[in-house]
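Reader: Please give me a close look at the backbone in the loops. Then show me what lies around those loops.

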Amino acid sequence: MTASYDPKVYDTKWQQRWAADHLYEADETSDRPRWYALTMFPYTSGDLHIGHWYAMVPSDVHARFKRMQGYNVMHPMGFDAFGLPAENAAIKRGIHPFQWTMKNIENMRRQLKSMGAIYDWDREVVTCLPEYYRWTQWFFLKLYEAGLAYRAKAPVNWCPGCRTVLANEQVISGECERCATPVIHQDLEQWFFRITRYADELARHDGIDWPERIKIMQRNWVGKSRGTEISFAFDHPAVKDKELRVFTTRPDTVYGVTFMVLAPEHPLVEKITTPEQKAAVEAYIARSRRETEIERLSTEKEKDGVFTGAYVTNRLTGDKVPLWIADYVLASYGTGVVMAVPAHDQRDFDFARKYNLLVKVVISPPGWSGEELKEAYVETGTLVNSGQFNGMASDKAIGAITGYLEKQGWGKATVSYRIRDWLISRQRYWGAPIPIIYCDKCGIVPVPEKDLPVLLPEDAEFKPGGESPLKYASHFVNTTCPKCGGPAKRETDTMDTFMCSSWYFLRYCSPHEKDRAFDHEKVKYWMPVDLYTGGAEHAVMHLLYARFFVKAIRDIGLVDFGEPFKKLFNQGIIIAQRQKMSKSRGNVINPDSYVAELGVDAVRTYLMFLGPWEQGGEWDDRGMGGTDRWLKRVWNLVMEPYQTDRPADEKALKDLKRLTHQTIRKVTEDFDGMHFNTMIAALMEFTNDLIKIKEAGSVSVADWEEAIQTLLLLLAPTAPHLTEELWERTGRPYSIHNQKWPVWDAELAKEEEITLVVQVNGKLRDRITLPAGISEEEIKLRALASDKVKTHLVGKELVKVIVAGGRLVNLVVK
């Protein structure tokens with residue numbers, strides 16, 4: 001009697017056995033080639049939903065595949081454990097963020113282990129534990145020593161709801177990505193990392209295999225622009241250098257500048273505004289601070305501004321140029337000043353018309369004879385009203401005018417970037433404290449390395465308003481200056497949690513180091529990561545920051561590589577009710593109930609069979625029964641003895657060998673291409689073929705067992721528990737996951753026959769069985785000789801015979 005299929009029994013059995021045997025622990029002393037497979041670690045939200053499984057299961061399946069191919073695979077897991085949600089939970093539930101977080105980790109760890117993945121749990125990292133954030137703080141000090149961390153007063157995105165500063169990337173359509181509160185601007189002393197120093201390198205992706213759309217998103221975020229910096233004379237007592245510099249990509253229009261626009265937050269505005277204009281300017285600045293950058297730059301928003309009362313001089317024309325402020329100019333881009341050429345920029349044109357400012361044509365539209373423009377002319381043309389450059393083509397004038405400005409000392413060719421330095425300060429408790437001390441005598445003093453970690457106070461009092469309790473914890477704030485021994489105060493800001501995730505992949509290489517962030521030799525062995533999988537939504541946040549961080553510590557001398565991830569693969573998103581799964585939306589699908597009912601492998605298999613992994617899709621569990629029935633068919637196919645009293649059939653054996661090796665080839669190629677849904681389909685088809693062969697009983701027992709062994713090996717990464725159980729029950733040595741991946745034989749995989757599809761003018765007229773490898777000329781002759789085809793050729797002229805792929809012929813007639 002065949003043993004019954006009961007995954008609930010053997011799922012637990014094998015997970016416990018694998019853990020006890022340390023089966024999946026990676027070892028740097030192995031003589032096998034190494035493979036570092038990494039999935040983005042989860043935030044500690046409390047529960048894993050089916051979307052998490054969708055991100056993690058296929059990456060685990062691929063890691064298992066590489067392990068069976070003979071690689072020394074490291075596939076670690078950890079928890080991104082700092083962040084605002086834990087702090088909000090502390091306020092809402094009256095529970096300390098550490099307790100909330102660790103309770104969530106305990107539950108999530110249980111769920112992750114139930115997945116049956118090959119995670120090396122001995123390498124687990126938890127970013128909120130002092131043994132981890134000690135080194136996050138150490139890296140801050142290294143960046144500070146290298147001049148890559150600095151403090152500056154700057155306008156920041158402030159979320160009134162969360163009462164914290166947000167990075168630009170965390171502002172979505174003018175709102176906080178976490179609580180959807182409209183974001184405003186405030187001036188605060190903040191800590192920054194000089195990511196802009198690496199702008200050029202971050203815009204390149206040399207030597208790494210990343211999706212093109214991610215590379216494009218990062219290049220656009222860096223926003224490199226080549227142009228010219230032009231100096232305008234500025235004789236004002238508040239301006240030391242007696243000049244105002246502006247970046248432009250259109251120096252060919254400099255003779256047409258009729259006004260200039262400064263960002264409202266530009267530091268010069270307060271100094272140069274005349275008394276008559278002071279009230280209007282201050283009111284405008286106050287209004288602009290309530291607007292987000294998205295709103296300020298919106299093409300739908302009517303542009304407005306205020307005159308400061310000050311003027312600069314255009315050195316090329318001698319004209320006095322009025323200085324305005326307008327919120328469509330940002331202090332963080334270029335020099336924070338824009339030269340306005342209303343005749344050749346529509347935004348400037350609209351602004352000039354609104355405030356009755358001069359419009360001066362300097363590039364002649366076709367057929368222009370001096371009449372007033374009805375709209376800005378933005379195309380190329382011939383320069384007019386441009387002094388010595390009159391008559392020159394505008395595209396050539398760009399270089400010529402830049403060269404003239406450089407010769408006169410009035411400008412230079414330069415590059416500007418959209419990317420800004422990474423703001424890492426957060427006015428909240430649940431993050432790694434910034435290891436800086438402020439002393440009235442010594443100024444900014446870094447915490448000595450021997451005093452790390454700067455620990456978060458456990459008795460923090462969380463206020464309903466959401467303000468960070470650190471600034472009110474006097475025993476935390478008040479300290480002694482490491483330099484002079486006098487009274488001093490600690491920095492109360494904590495670091496952006498993206499700092500924690502910018503180096504966690506390095507810590508996995510040697511997670512138990514107590515005296516250093518990582519073992520350099522082990523990092524040299526494992527890094528860079530061979531395959532990194534995760535969501536595309538991290539393109540300009542985590543993925544960009546991690547690249548910057550690695551490049552920075554490379555230059556400091558801590559690592560010898562500049563890219564953290566060799567290959568990146570972005571999976572799609574599983575949605576429910578047409579929205580991304582989220583507790584706040586109430587559409588979270590918990591996998592636990594499916595696992596309890598059908599077993600781990602049925603859930604794993606179904607998630608990979610849903611469709612192309614990179615696409616994702618709407619969650620629908622109606623098809624899960626199909627994968628469950630297939631796994632039961634596999635069970636019965638293997639467990640029910642193969643019996644035959646017929647002599648082996650040579651053709652049947654050839655067919656079996658061919659099907660087996662074709663399946664090995666298909667499954668292997670699909671694994672390499674991350675095409676998991678078609679890989680599953682190929683295994684389902686192979687199962688059906690084996691059922692038919694078993695019913696026919698026309699191959700030997702030995703040949704049958706070889707085919708069954710191949711099926712189990714090919715299925716092992718996807719259904720590890722089922723295949724391990726069947727492997728043991730059929731008397732094979734433990735463990736199936738230590739076996740070698742099958743290799744196909746190209747000769748055995750060759751088709752002996754093909755089915756030729758014959759069309760006439762695109763319509764199917766016949767199917768012909770032919771020997772495989774037949775020539776194209778013979779294919780044409782066989783198609784034309786078909787009786788079914790001939791009836792459609794009577795009385796018609798054969799125009800063309802098209803052979804496609806050796807399996808289809810289309811006869812074009814008229």
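Author: Asn356 sits in the loop between α11 (346-355) and β14 (363-364). Helices here are DSSP runs of H or I with at least four residues, and strands are runs of E with at least two, both numbered from the N terminus. This is a predicted model: local features need pLDDT of at least 70, side-chain atom pairs need 80 or more, and totals for chains, interfaces and linings take in all residues. Residues are numbered from 1 along each chain as its sequence is written, and side-chain values use heavy atoms, without hydrogens or water.

Now the angle. Asn356 is not a glycine, yet its phi is positive, about 55°. Most residues other than glycine have a negative phi. Asn356 counts as exposed because its relative accessibility is 71%. The cut-offs are simple: buried is under 20% relative accessible area, exposed is over 50%, and partly exposed lies in between, with a 1.4 Å probe and protein chains only.

His22 has a positive phi too, near 50°, and is not glycine either. Find His22 in the loop between α1 and β1. His22 counts as partly exposed, because its relative accessibility is 48%.

Gly94 comes just after α3 and takes a positive phi of about 70°. Helix α3 covers residues 84-93, and its buried residues are Leu84, Pro85, Ala86, Glu87, Ala89 and Ala90. Their cover includes α4 (97-114) and β4 (164-166).

Next, the peptide bonds. Most peptide bonds are trans. Met527 and Pro528 are joined by a cis bond, with omega near -5°. Pro528 lies in the loop between α16 (520-526) and β24. Another cis bond links Leu452 to Pro453, and its omega is about 0°. Look for Pro453 in the loop between β20 (443-446) and α13 (474-477).

Two of these loops lead to a sheet. The loop of His22 runs between α1 and β1, and the loop of Pro528 runs between α16 and β24. Both strands belong to an open sheet of 4 strands, ordered β2-β1-β24-β25, with parallel pairing. Strands pair if DSSP finds at least two bridges between them. The edges are β2 (72-74) and β25 (565-570), each pairing on one side only. From one strand to the next, the twist averages 20°. Strand β1 (residues 34-39) joins β2 in the parallel sense over 3 bridges. Trp35 has Val73 in β2 as its bridge partner. Helix α2 (residues 50-68) lies across β1, β2 and β24 (529-534), at about 175° to β1. Angles run from 0 to 180 degrees between N-to-C directions, with axes fitted to C-alpha atoms, for helices over the stretch in contact, and contact means heavy atoms within 4.5 Å.

Go back to α1, on the other side of the His22 loop. It gives the most to the lining of the second largest cavity, with 3 residues. A cavity is a set of points on a 1 Å grid over the protein atoms alone where a 1.4 Å probe fits but cannot get out, and lining residues have an atom within 4 Å of a point. By this rule there are 2 cavities of 30 Å³ or more. The second largest has a volume of about 30 Å³. Its lining residues are Tyr5, Pro7, Tyr10, Asp11, Leu598, Asp601, Ala602, Leu631 and Leu722. Two elements, α1 (7-20) and α19 (600-609), each give two or more residues to that lining.

How values were computed:
1 Å grid on protein atoms, 1.4 Å probe; cavity = no way out; pocket = protein on both sides within 12 Å on 5 of 7 lines; lining within 4 Å. Points joined across faces, edges and corners; volume = space filled by probe spheres on them.
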